[in-house]
Amino acid sequence: MNVIHLSAECYPVAKVGGLGDVVGALPKYLCRNGVQASVVLPYYDRKFVRENKFETVFEGYGQLGHRHFDFYILREVSDKLGFPLYLINIPGLLDRQEVYGYPDEIEQFVAFQLAFLEWIVQSGEHPDVIHCHDHHTGLIPFLVSHSFRYNSLKDIPTVCTIHNGEYQGWFGWNKISYLPEIDLSKSGLLDWGGTINSLAASVKCCWNFTTVSPSYLEELSYRSNGLESLFRMEKQKGIGIINGIDTEVWNPETDPLISAHYKRESVTEGKKDNKKALCKEFGLKVEHPLIVFIGRLVGEKGADLLPEIVDRVCTAYKNKVNFLILGSGEAGVELQLGALLSRHKKQFGLFIGYDEALAHRLYAGGDFILMPSRVEPCGLNQLYAMRYGTMPVVNSTGGLKDTVVDMNSAEGYGIRFNQSITVDATEALGRAITLYKNPEKLKELQERMMSLDFSWDRSAAEYLDLYTRLTKLQHGIESN
Ligand code: ADP
């Protein structure tokens, strides 16, 4: 079975968050289970692309409104990621350094989707399933079904996975001419609230959609940035599949990015060595608990609460606790956090920016990871943290609810709180600081969380079941 994954991100080519991690790992595990899974990305002018060898396997042409473009399909020659990787280059439109943030983002991603469809139409090589990730690829299910130009593709099953429903790829109807001629009687499928909404269109038109955790699927029906009633209507098409983690990349026994290797049995010593190096790097005190935060500094992640949480906890436990934050995002939050550095010297460390290697050092050297997220479709940080024996302290939402069991339960291993507000997060951190004083209990819980299996094998099998069902349906072997 041939499944093409279409995405804006894929680790290690281009990663901004969890989408990159998932698309960099899931296809590898699918390939190991007999699926011919490949990934198609926009071309990026980035390190991985410059340092690896690609060959041009197809050249074609397309049309974005009145703008004619030529595109080139490049394939990484050695399949070093464990699956075939294709990049679509459209000079002037897709040869960029950053993944997001350009003023012509709509043109960028619409052209990417059109070039992909042109490629499979012009080459005549049709996959068995097209798997779209997030809104950047959300027009594909509609175009395949209702655009005359791509009529030959209309029987190919499409799956879309929602990694983040907050961003939806909105654009005005004045840009409808970007799309090739469509069946106008179906144009309502593109619309939500008077604008073209790529994510809504993909949910309406795909054969099935998946969310990256079962709880997130439930949540979308009452909190999805305006699409609540759509998710209620389309619920029967939704499947919640929890993300896995790439246990080869995220492994404290072999991770080349951390200071000392360790396994479950040596978690105490191993984490201590990593913590020592990290505390030295940031001028913190190794004998006190180290609470870390890694992520985008945005409201979804509850990052606006961080300055107050850090200030309160550092004041309440003066010289008895350390905080270390890695992230970037809203300027106000960055500034407020920066201002706390001098107020809580030797207790608080901060790195504003994106640093993959530092993230690994934080997972290995931290004692606790704080996630006060308001919205967390799956959350990978808590899964990586647990693999490194770092206890998650999380708000009970989305995937955090599905993966973290509070230590008050018999089989628990984490700390949960019930609202993304400062008081609740601070109280939860108080529990963490108390636990830190009981190293035997802490070690027992660390060993328990390190024994959990969040590898991709289980989740990849669920995707495989879905593809198998859809291809049977396509061939009329089974009814939906
Ligand atoms: P998101 O909503 O951002 O996709 P996830 O929890 O699904 O959240 O995934 C976040 C991923 O991005 C993790 O691999 C995390 O380690 C990484 N990450 C986030 N911010 C940073 C940063 N500033 N530096 C390095 N890695 C980061």
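# Questions on a predicted structure

User: Between which elements is the loop that holds Pro372?

Analyst: This is a predicted model: local features need pLDDT of at least 70, side-chain atom pairs count only at pLDDT 80 or more, and totals for chains, interfaces and linings use all residues. Residues are numbered from 1 along each chain as its sequence is written, and side-chain values use heavy atoms, without hydrogens and water. Helices (H or I, at least four residues) and strands (E, at least two) are DSSP runs, numbered from the N terminus. The loop with Pro372 runs between strand S16 (368-371) and helix H12.

User: Is Pro372 buried or exposed?

Analyst: Buried means under 20% relative accessible area, exposed over 50%, and partly exposed in between (1.4 Å probe, protein chains only). Pro372 has 0% relative accessibility, so it counts as buried.

User: Which residues come nearest to the ligand?

Analyst: A residue is near a molecule or strand if one of its heavy atoms lies within 4 Å of it. The ligand has 20 residues around it. Those that come nearest are Lys15, Gly18, Asp21, Lys301 and Tyr363.

User: How far is a polar side-chain atom of Lys15 from an oxygen atom of the ligand?

Analyst: A polar contact is a pair of N or O atoms within 3.5 Å; within protein, one must be able to donate a hydrogen and the other to accept it, and residues adjacent in sequence count only if both atoms are side-chain atoms. Asn381 places a polar side-chain atom 3.3 Å from a ligand oxygen. Asp355 uses a backbone N or O atom, 3.0 Å from a ligand nitrogen. For Lys15, the side-chain distance to a ligand oxygen is 2.8 Å.

User: How much of the area that the ligand exposes when taken alone does the protein bury?

Analyst: Accessible areas come from the Shrake-Rupley method with a 1.4 Å probe; for residues, only the protein chains shown count as cover. Alone, the ligand exposes 560 Å². The share buried by the protein is 92%.

User: Which elements give two or more residues to the shell around the ligand?

Analyst: Two strands and three helices are on the list. The strands are S13 (290-297) and S14 (322-329). The helices are H1 (18-32), H11 (356-365) and H12 (381-387).

User: How many residues of the shell around the ligand are charged?

Analyst: Ala, Val, Leu, Ile, Met, Phe, Trp, Tyr, Cys and Pro count as nonpolar, Asp, Glu, Lys and Arg as charged, and the others, Gly among them, as polar. The shell has seven nonpolar and seven polar residues. The number of charged residues is six.

User: Why does the ligand lie between two domains, and which are they?

Analyst: Domain bounds come from an automatic or database domain assignment. Both domains give residues to the shell, so the ligand lies between them. They are domain 1 (2-244 + 457-474) and domain 2 (264-452).

User: How far does helix H3 reach from its first C-alpha to its last?

Analyst: H3 spans residues 105-123, 19 residues. The expected span is 1.5 Å times one less than the number of residues. That expectation is 27 Å, and H3 comes close to it, reaching 27 Å.

User: How many residues of H3 are buried?

Analyst: H3 is followed by Gly124, with a positive phi near 75°. The helix itself is largely enclosed by the rest of the structure, because its buried residues number 14 of 19.

User: Which residue caps the N-terminal end of H5?

Analyst: H5 (residues 198-205) is mostly covered, with eight of its eight residues buried. At its N-terminal end, a side-chain oxygen lies 3.2 Å from the backbone nitrogen of Leu199. That oxygen belongs to Asn197.

User: What is the phi of Asp134?

Analyst: Asp134 is in the loop between strand S6 (129-133) and helix H4. At 8% relative accessible area, Asp134 is buried. Its phi is positive, in a residue other than glycine, near 60°.

User: What is the relative accessibility of Lys346?

Analyst: Lys346 sits in the loop between helix H10 (331-343) and strand S15 (348-352). Its phi is positive, about 65°, although it is not a glycine. Lys346 counts as exposed, at 54%.

User: Which side chain does Asn164 join in a polar contact of 3.1 Å?

Analyst: Asn164 is in the loop between strands S7 and S8 (170-171). It counts as buried, at 10% relative accessibility. The partner side chain is that of Glu300.

User: What is omega near for the peptide bond from Tyr11 to Pro12?

Analyst: Pro12 is in the loop between strand S1 (2-6) and H1. The bond from Tyr11 is cis, with omega near 5°.
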